[in-house]
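Please work through the exercises below with the sequence and the model at hand. Each task is followed by a worked solution.

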Amino acid sequence: MLPSVRRLVATLGLVTGLVASPLAPASAATTTHRVGTFNVCGYGSTGGCGGTTAQRVEWMAQQFVSDRLAVLTLNEVCSPVPDALRARLAQLGVTVHTVFQQTFPAKHGRCGGAASGNALVSRSSLWSVRRVTFTAQVPNAVELRGVLCARTALGGPTEVCTAHLLPGAKKAALRQRQIAETLSAATAPGRPVVLAGDINEVPSATMLDPLYQSRYGAGSRGSFVEPSSTRSGVPCRCGPATRGTAKIDYVFGSAATFSPGASATRDSPWSDHNLLWADLIRG
């Protein structure tokens, strides 16, 4: 092969690797994928929320770019926001794909008359979208919570899902059923899973036992790793707070496919939650 051809092939290979994953390491054996999750508090129902749609979108866009996220899952997000975020990211030179799931209907005093719910924002295409409404709901509730899933590519075919579960001690039984329904929906396609969102439970809660892999101790019997659940680099049922003093937001990945990497939180001026991101290492 001529030297000039060899140089061209090498250059094309490098470019292809960078496009496949914004955090891909030099080794072809593994790829690192940074996933963020954020409860937007888009309808301002609790303390600590504020700001305009434009301010929220700008903050999320800047975090998406600066933290080099591959996927961002959103809860309590007003329906116009994913499209606005996609448009703003395009102005910043980043192409993303978005899908939305309504959980709270329009014209009920939230989001200025728009619907609200869950969303996925991804650099890679999203397809085979599934919007599953939980059977476990508060009787006669206007808000019908559920789980949003879509197939994407994170070093290979991956099912990415997000859910926002019911809060509060009085709704613990319903929340436990919602966890079971979330797991069932996320694992149904038989692909590696990334599951992120506002679970409204602390890591030590026994109802999270079916999620955490046994390495996390304390009754864990699930099949997922969670990069932010560490103390001094050791897996634990713990982690940095994502709302007030409690950790209730998570980024889980199938332990058979992903290893846990770095993680961090970002304090938002426009929400009562922190944005959490975590690195999932595939290979």
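The exercises concern salt bridges in this predicted model, which holds twelve of them.

**Exercise 1.** Determine which parts of the chain are linked by the salt bridge between Glu 58 and Arg 88.

*Solution.* Begin with the contact: the closest N and O atoms of Glu 58 and Arg 88 are 2.6 Å apart. Next, place the residues: Glu 58 belongs to helix H2 (residues 53-66) and Arg 88 to helix H3 (residues 80-91). The two residues are 30 residues apart, and their pair links distant parts of the chain.

**Exercise 2.** Classify Arg 191 and Glu 159 as buried, partly exposed or exposed.

*Solution.* The side chains of these two residues, Arg 191 and Glu 159, form a salt bridge with an N to O distance of 2.7 Å. Arg 191 lies in the loop between helix H4 (172-187) and strand S8 (193-198), whereas Glu 159 lies in strand S7 (residues 157-164). The cut-off for buried is under 20% relative accessible area. Glu 159, at 0%, is therefore buried. Arg 191 has 21% relative accessibility and so counts as partly exposed. Finally, both residues belong to a network of salt bridges with Arg 130.

**Exercise 3.** Establish whether Lys 247 and Glu 226 are buried or exposed.

*Solution.* Lys 247 and Glu 226 meet through their side chains in a salt bridge of 3.5 Å, N to O. Lys 247 sits in the loop between strand S11 (234-235) and strand S12 (249-254). Glu 226 sits in the loop between strand S9 (224-225) and strand S10 (230-231). With 3% relative accessibility, Lys 247 counts as buried. Glu 226, at 0%, also counts as buried.

Conventions:
Residues numbered from 1 in each chain as written. Predicted model: local features only at pLDDT ≥ 70, side-chain atom pairs only at ≥ 80, totals over all residues. Heavy atoms only, no water. Salt bridge = Lys/Arg side-chain N within 4 Å of Asp/Glu carboxyl O. Helix = DSSP H or I, 4+ residues; strand = E, 2+ residues; numbered from the N terminus. Buried < 20%, exposed > 50% of the residue type's maximum accessible area, 1.4 Å probe, protein only.
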